[in-house]
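Reader: Could you walk me through how the helices pack here and what surrounds the ligand? I would like to see the reasoning behind each label.

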Amino acid sequence: MALITKAVKGTNDVLPSEVHKNQYIEATCLSVAGNFGYKEMRTPVFEHTELFQRGVGDTTDVVQKEMYTFDDKGGRSITLRPEGTAGAARAFLENGLSNGALPQKICYLTSCYRYEKPQAGRLREFHQFGIECFGASSPLADAEIIALAKQIFDTLGITDLHLEINSIGCPECRAKYHEALKEYFSQYKEQLCNTCQERLERNPMRLLDCKSPEDKAIAENAPEILDYLCDECKEHFESVKKYLGAMNIEFTVNPRIVRGLDYYTKTVFEFIADSIGAQGTVCGGGRYDGLIEELGGQKTPSLGFGMGLERLALVMDAQGCEYPEAEVPDLFIAAIGEKAKLKAVEIAKDMRDEGFSVVYDLNERSVRAQMKYADKLGAKYNIVIGDSEVDENKAVLKNMKNGEQADISLVTFVSEYYSITLKEQLEDIEINGEALDFNSLFGIGE
Ligand code: ATP
Ligand code: MG
């Protein structure tokens, strides 16, 4: 069979057999963020291109090389979001959240699009869990978002990660640092890659973030930002470290971390895994006190992080972290004959009303084939209904794992005629003299 086309390079399908893993990771992120007071926000997949040019920065790799930008039919330049912060900041301003109680604590699960060379941990469509805390100037906030990310990793059972932090100062201390960097890199100008030669004048800190091995080697001996911090930035950084210490969060200070986006100030950090190769940064973030003003708002000190969910899953696999088991049907109803099919749909309706997941065959196959199908689905229990079961209103409930059986009445499934609900009936069933444990049987009712 020749398919007319295949998935676009650098994109992934998540199959039904795997999706419970994604759901678990996503639910964990949202739940931990909820415990820190963050509420979910959803913004569009595409935005006006200028939002990212201004909000991410037009000297960044993301804007210079990686964006999916196109003109729509109305001639407007549109870009698929390469990250979540710019869109969240726009929505924060446009919807007047900036006038509400500050800080506004926001989180999101988003797809992101970057035109990069696909490889392990580097995709063209990938997914991020992100948080943004708009309107918080205290170093308490910096420590809190790092603690939030750490709590997600702890909850998922990830241990193979280390935290690196740095401060890249404010516009004041950075002016002096930029001069020092320019002076340093100018000596090697001819050896730098073309992009960095151009960046040297406009944003020399970007050179520290370049992926080219030659430029990386030159950057090794570049001046360090920490030597240029002003008193306020120094004090802020010391406080962040103190609060992290109070929460027993281990970190190393890495003066080379500058982060890929232009808008960062003061604290920046990365959680890095050693087990998944070169693309080891699972989460990166920091403070971006200048962004909201850059987008036309009032000065609003803010901060956040982005966590790459595909990389997170790679670390979990590499480390053998456990996932909860995939959901399977509670009950499979095998039906033979027209009367039985009618009864099956009636029972299924009744049980689904009670919150059970119930499946029957949609292909009118033989009982054998139906049971094979039930097996493949991993159903917990089954009943087989034929003419006699319908006439006598009885069936055998069978545990598909251990083969245990119990007689049940079919009449009582239909609760509108009978006061005994299915739940009560099942609670009364005894197998080998022992009461059936309803909770463990169907995993509900707790
Ligand atoms: P890198 O240095 O690996 O290119 P980045 O600095 O560009 O990362 P951010 O913009 O900070 O990454 O995005 C936050 C997180 O999103 C990263 O730490 C990573 O986990 C994930 N991420 C970024 N780009 C990709 C990608 N192309 N494919 C998969 N995950 C990605
Ligand atoms: Mg990148």
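**Reasoning from values to labels**

Author: Let's begin with a conclusion: α1 and α11 are roughly perpendicular to each other. Please keep in mind that this is a predicted model.

Reader: Why are α1 and α11 called roughly perpendicular?

Author: Helix α11 spans residues 309–319, and its axis meets that of α1 at an angle of about 110°, with the axes 11 Å apart. Angles of 65 to 115 degrees count as roughly perpendicular, so the pair earns that name. The crossing is right-handed. On the α1 side the contact is made by Tyr-24, Ile-25, Glu-26 and Cys-29, and on the α11 side by Leu-309, Leu-312, Ala-313 and Met-316. By class, these are seven nonpolar, no polar and one charged.

Reader: What makes α1 oblique to α5?

Author: The axes of α1 (residues 19–35) and α5 (residues 139–156) cross at roughly 135° and come within 9 Å. That angle falls outside the ranges for parallel, antiparallel and perpendicular, and the rest count as oblique, so α1 is oblique to α5. Among the contact residues are Val-32 and Ala-33 of α1, and Leu-148 and Ile-152 of α5. This contact has eight nonpolar, three polar and no charged residues.

Reader: How do you know that Glu-116 makes a polar contact with ligand 1?

Author: A polar side-chain atom of Glu-116 lies 2.6 Å from a nitrogen atom of ligand 1. The cut-off for a pair of N or O atoms is within 3.5 Å, so the pair qualifies.

Reader: Which residues come nearest to ligand 1?

Author: Of the 16 residues around ligand 1, these are Arg-114, Glu-116, Leu-123, Arg-259 and Thr-281.

Notes: Residues are numbered from 1 along each chain as its sequence is written. Chains are lettered from A and ligands numbered from 1 in the order in which they are written. This is a predicted model: local features need pLDDT of at least 70, side-chain atom pairs count only at pLDDT 80 or more; totals for chains, interfaces and linings use all residues. Side-chain values use heavy atoms; hydrogens and water are left out. Axes are lines fitted to C-alpha atoms, for helices over the stretch in contact, and angles run from 0 to 180 degrees between N-to-C directions. Helices (H or I, at least four residues) and strands (E, at least two) are DSSP runs, numbered from the N terminus. Angles under 35 degrees count as roughly parallel, over 145 as roughly antiparallel, 65 to 115 as roughly perpendicular and the rest as oblique. Contact means heavy atoms within 4.5 Å. Ala, Val, Leu, Ile, Met, Phe, Trp, Tyr, Cys and Pro count as nonpolar, Asp, Glu, Lys and Arg as charged, and the others, Gly among them, as polar. A residue is near a molecule or strand if one of its heavy atoms lies within 4 Å of it. A polar contact is a pair of N or O atoms within 3.5 Å; within protein, one must be able to donate a hydrogen and the other to accept it, and residues adjacent in sequence count only if both atoms are side-chain atoms. A crossing is left-handed if the near helix is turned anticlockwise from the far one by less than a right angle, and right-handed if clockwise.
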